[in-house]
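Biologist: Please take a close look at one part of this model and place it in the rest of the chain. I would like a connected account rather than a list.

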Amino acid sequence: MPLNRLVIYAGNVEETARFYEKHFGFKATSLPGDRIVELVAQDGGANIMLHQAAKGQRSGQSIVKLVFDVEDVEAFCMRCAENGLEFGALHKADGYVFANAKDPCQNSISVSSRAFRKS
C-alpha cells in the first residue's frame with residue numbers, strides 16, 4: 001500500500017503552510033470545519049497534513065505521524081489485530097475514518113480513509 005500523507009504537528013499551522021508553499025511548491029487546501037490543512041504535492045509524492053500541535057509539545061521533538069491510505073479502516077484494523085498490531089479506537093471526522101497505533105520504535109502511525117471520502 002502506498003504512503004501518501006505525512007502529518008506534521010505544527011505550533012503555527014498557517015506559518016508552516018506558507019513555508020512549504022513558498023520553499024517547496026506545495027499548495028495548501030482545507031475544507032470548512034476541517035482541523036487539517038493539507039499541503040498537496042504539485043509534482044507528485046506525498047502530501048503533508050498540518051495539524052495544530054498540543055500546547056505541551058516541544059518543537060524539535062519527533063512530531064511526525066505516518067498516515068497510510070486504507071479504504072476500509074475497520075476491516076484493516078481487524079486484520080492487523082489478528083497479526084498482533086493493535087490500533088486504538090476508530091475516529092470519525094469530516095467524512096472519513098482513522099485509527100492510530102505505534103510502530104516498534106513508538107513512532108505514531110495512522111490508517112485513514114480520508115483519501116477515499118466523497119466530496
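Biologist: Among the elements of the protein chain, which has the lowest mean pLDDT and which the highest? With that settled, which residues make up the largest nonpolar core?

Modeller: This is a predicted model, so confidence comes before geometry. Strand E5 has the lowest mean pLDDT among the elements, at 84, while strand E2, residues 27-29, has the highest, at 97. Over the whole protein chain the average is 88, and 94% of the residues score at least 70.

Now the core. Eleven residues form the largest nonpolar core: Ile-8, Ala-10, Val-13, Ala-17, Tyr-20, Phe-26, Val-37, Leu-39, Ala-41, Ile-48 and Leu-50. At least two of these residues come from each of E1, H1, E3 (37-40) and E4. H1 gives the largest share, three residues. As a general background, nonpolar side chains tend to be buried together in soluble globular proteins. This core is not alone, as a second, separate core has ten residues, including Val-70, Phe-76, Ala-99 and Ile-109.

Ala-17 shows how one member of the largest core is placed. Once its neighbours within four places in sequence are left aside, Ala-17 is in contact with Ala-28, Val-37, Leu-39 and Leu-50. Of these partners, Val-37, Leu-39 and Leu-50 are also listed in the largest core.

Leu-50 leads back to the helix by another route. Glu-14 sits in helix H1, residues 13-24, and its C-alpha atom is 8.9 Å from that of Leu-50, although the two are 36 residues apart along the chain. Glu-14 itself counts as exposed, because its relative accessible area is 52% and the cut-off is over 50%. H1 therefore holds this exposed position as well as three residues of the core.

Just ahead of the helix, Asn-12 belongs to the loop between E1 and H1. Asn-12 is partly exposed, with a relative accessible area of 34%. Its C-alpha atom is separated by 9.1 Å from that of His-51, which is 39 residues away along the chain.

His-51 also has a place in the largest pocket, a space of about 270 Å³. There are 16 lining residues, and those closest to the pocket centre are Arg-35, Ile-36, His-51, Tyr-96 and Phe-98. E1, E4, E5, E7 and E8 each supply at least two residues of the lining, with the largest share, three residues, coming from E7. By residue type the lining divides into eight nonpolar, four polar and four charged. E1 and E4 thus appear in the pocket lining and in the largest core.

One backbone detail lies in the loop between strand E6 (91-93) and E7, where Asp-94 is found. Most residues other than glycine have a negative phi. Asp-94, which is not a glycine, has a positive phi of about 45°. Asp-94 is partly exposed, at a relative accessible area of 41%. In E6 itself, Lys-92 is exposed, with a relative accessible area of 75%. Lys-92 and Ala-75 are 15 Å apart, C-alpha to C-alpha, and 17 residues apart in sequence.

How values were computed: Residues are numbered from 1 along each chain as its sequence is written. This is a predicted model: local features need pLDDT of at least 70, side-chain atom pairs count only at pLDDT 80 or more; totals for chains, interfaces and linings use all residues. Side-chain values use heavy atoms; hydrogens and water are left out. Helices (H or I, at least four residues) and strands (E, at least two) are DSSP runs, numbered from the N terminus. Buried means under 20% relative accessible area, exposed over 50%, partly exposed in between (1.4 Å probe, protein chains only). On a 1 Å grid over the protein atoms alone, a cavity is a set of points where a 1.4 Å probe fits but cannot get out, and a pocket is an open set with protein on both sides within 12 Å along at least five of seven lines; lining residues have an atom within 4 Å of a point. Grid points are joined across faces, edges and corners, and a volume is the space filled by probe spheres set on the points. Ala, Val, Leu, Ile, Met, Phe, Trp, Tyr, Cys and Pro count as nonpolar, Asp, Glu, Lys and Arg as charged, and the others, Gly among them, as polar. pLDDT is the predictor's confidence in each residue, from 0 to 100. A nonpolar core is a set of buried Ala, Val, Leu, Ile, Met, Phe, Trp, Tyr and Cys residues joined through side-chain atoms within 4.5 Å. Contact means heavy atoms within 4.5 Å.
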